[in-house]
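Work through the following exercises with the sequence and the model side by side. Each task is followed by a solution that goes step by step.

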Amino acid sequence: MLVIFVPTIRDIFGFIGSSAATMLIFILPAAFYLRLVKTLPFRSPQKIGAAVFLVVGFIFMTGSLSLIVLDWIQNPPGSDDSH
């Protein structure tokens, strides 16, 4: 659906890149660690660090996606204003 409605490939790569990179770097490793390590209690420093990493990942992903959407709103893809 994104490919159909967004006319430039730059915007598609920006959207997919910001969401996929954040998922691969922050969210998925922390979520896998929290899910797979059953021997440690949740209040251990390792699990607290992983939970913080997970929350920070969601904050980064939300922030980057909102900046991309704001850029789309302020500079529509069909306008003459190029970056």
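**Exercise 1: Aromatic pairs**

In this predicted model, the count comes to 3 aromatic pairs when ring centres have to lie within 6.5 Å. Task: classify the pair formed by Phe26 and Phe53, and state where its two members lie.

Solution. The ring centres of Phe26 and Phe53 are 5.1 Å apart and the planes make an angle of 50 degrees, which is the geometry of a tilted pair. The pair links distant parts of the chain, with Phe26 in helix H2 (residues 9–36) and Phe53 in helix H3 (residues 45–74), 27 residues apart. As for exposure, Phe26 has a relative accessibility of 18% and therefore counts as buried, whereas Phe53, at 37%, counts as partly exposed.

**Exercise 2: A further partner for Phe26**

Task: determine which class the pair of Phe26 and Phe60 belongs to, and why.

Solution. Begin with the distance: the ring centres of Phe26 and Phe60 are 5.2 Å apart. Next take the angle: the planes stand at 75 degrees, and because an angle over 60 degrees counts as edge-to-face, the pair falls into that class. This pair, too, links distant parts of the chain, since Phe26 belongs to helix H2 and Phe60 to helix H3, 34 residues apart. Phe60 itself is partly exposed, with a relative accessible area of 43%. Putting the rings together, Phe26, Phe53 and Phe60 form one aromatic cluster.

**Exercise 3: The nonpolar core**

Task: list the residues of the largest nonpolar core and identify which elements give two or more residues to it.

Solution. The largest nonpolar core has 7 residues, namely Phe26, Ile27, Ala30, Ala50, Leu54, Met61 and Leu65. The elements that contribute two or more residues to this core are H2 and H3, and the largest share, 4 residues, comes from H3. Looking at one core member in detail, and leaving aside residues up to four places away in sequence, Leu54 touches Ile27, Ala30, Ala31 and Leu34.

**Exercise 4: Ile59**

Task: decide whether Ile59 counts as buried or exposed, and state how far its C-alpha atom lies from that of Thr22.

Solution. Ile59 is found in helix H3. Its relative accessibility is 54%, and because exposed means over 50%, Ile59 counts as exposed. The C-alpha atoms of Ile59 and Thr22 are separated by 9.7 Å, although the two residues are 37 residues apart along the chain.

Key. Residues are numbered from 1 along each chain as its sequence is written. This is a predicted model: local features need pLDDT of at least 70, side-chain atom pairs count only at pLDDT 80 or more; totals for chains, interfaces and linings use all residues. Side-chain values use heavy atoms; hydrogens and water are left out. Rings of Phe, Tyr and Trp (its six-membered ring) pair if their centres lie within 6.5 Å; planes under 30 degrees apart count as stacked, over 60 as edge-to-face and the rest as tilted. Buried means under 20% relative accessible area, exposed over 50%, partly exposed in between (1.4 Å probe, protein chains only). A nonpolar core is a set of buried Ala, Val, Leu, Ile, Met, Phe, Trp, Tyr and Cys residues joined through side-chain atoms within 4.5 Å. Contact means heavy atoms within 4.5 Å.
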